[in-house]
Amino acid sequence: MRPAAFITGITGMAVVAGLLLAGEARLGGGTAGEETASAEETATAPADAAPDAGEGATISDDRAEMIARSTEPAVPPSPAPGDGVTSKPADLPQQAETAAGQKASPAAKKPMELARPMVDNAGMLSFGERRLQIAGIVPTPVDRICGPAGRQWPCGMMAKTALRLLLRNRSVTCDLNSVEWKDTVTTACRLGTEDLSAWLAENGWAEPTAGSPLTAAAEKARQAGKGLYGDDPRRN
């Protein structure tokens, strides 16, 4: 072999080997870069996804709180000022309701003297076209009949007579808003210091209304056989 050809062959082989080594180095560096990039992406991916996960957790808490509040028996809290929610009438301050109630409430009743009442029955008075029912008792109808068979008597008419004899056309004092009322009004009345409802209950001429404080007095009258609970007073 010629020396020139041998040198040329050696040089070519060296060049090829250098090219192979360079290529391998490039390939190795690219793979390492890809592996480094993959590692960085893997490390940074949870950090990038954290805000989204955090937002999802916050929404779930709010929804859970809303569900918990909806199941509570208590009234939900009032909306914060400026949230655009209009208050309902029931949400108005109690002071406003009190003020409105005071304006709507009628005037306080006052003792007023009424002259010459007519007795309709034991519990009902009349002043012309106006009628007044004595509070606390059930008016006794004029046509009421009392007593057992064979000994019945017109206790309703006798009760009316008893009240008429008590009043004897004298003035009575009744608690009213005004002396000019219409139809029938129910209120307490007195003859001097004598309360008419108490007098009727204590003497057995009228029965008390349900829950009336005169129940005890009426029971005493019944046990004593007074008025409606007794015999015909005309036979005594």
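Q: Which residue in β6 is the bridge partner of Glu113?
A: This is a predicted model, where local features need pLDDT of at least 70, side-chain atom pairs count only at pLDDT 80 or more, and totals for chains, interfaces and linings use all residues. Residues are numbered from 1 along each chain as its sequence is written, and side-chain values use heavy atoms, leaving out hydrogens and water. Strands here are DSSP runs of E with at least two residues, and helices are runs of H or I with at least four, numbered from the N terminus. β1 and β6 (residues 172-176) run antiparallel, joined by five bridges, and Glu113 has as its partner in β6 Thr173.

Q: Which are the edge strands of the open sheet?
A: Two strands pair if DSSP finds at least two bridges between them. Four strands line up antiparallel in the order β1-β6-β8-β9. The ones pairing on one side only are β1 (110-114) and β9 (194-195).

Q: Why do the buried residues of α5 sit on the same side?
A: Buried means under 20% relative accessible area, exposed over 50%, and partly exposed in between (1.4 Å probe, protein chains only). In α5 (residues 215-224), the buried ones are Ala217, Ala218 and Ala221. They share a side of α5 because, going by the directions from the helix axis to the C-beta atoms, they cover an arc of only 100°.

Q: Which residues are exposed on the other side of α5?
A: Just after α5 comes Gly225, with a positive phi of about 70°. Back in the helix, the exposed residues on the other side are Ala216, Lys220 and Gln223.
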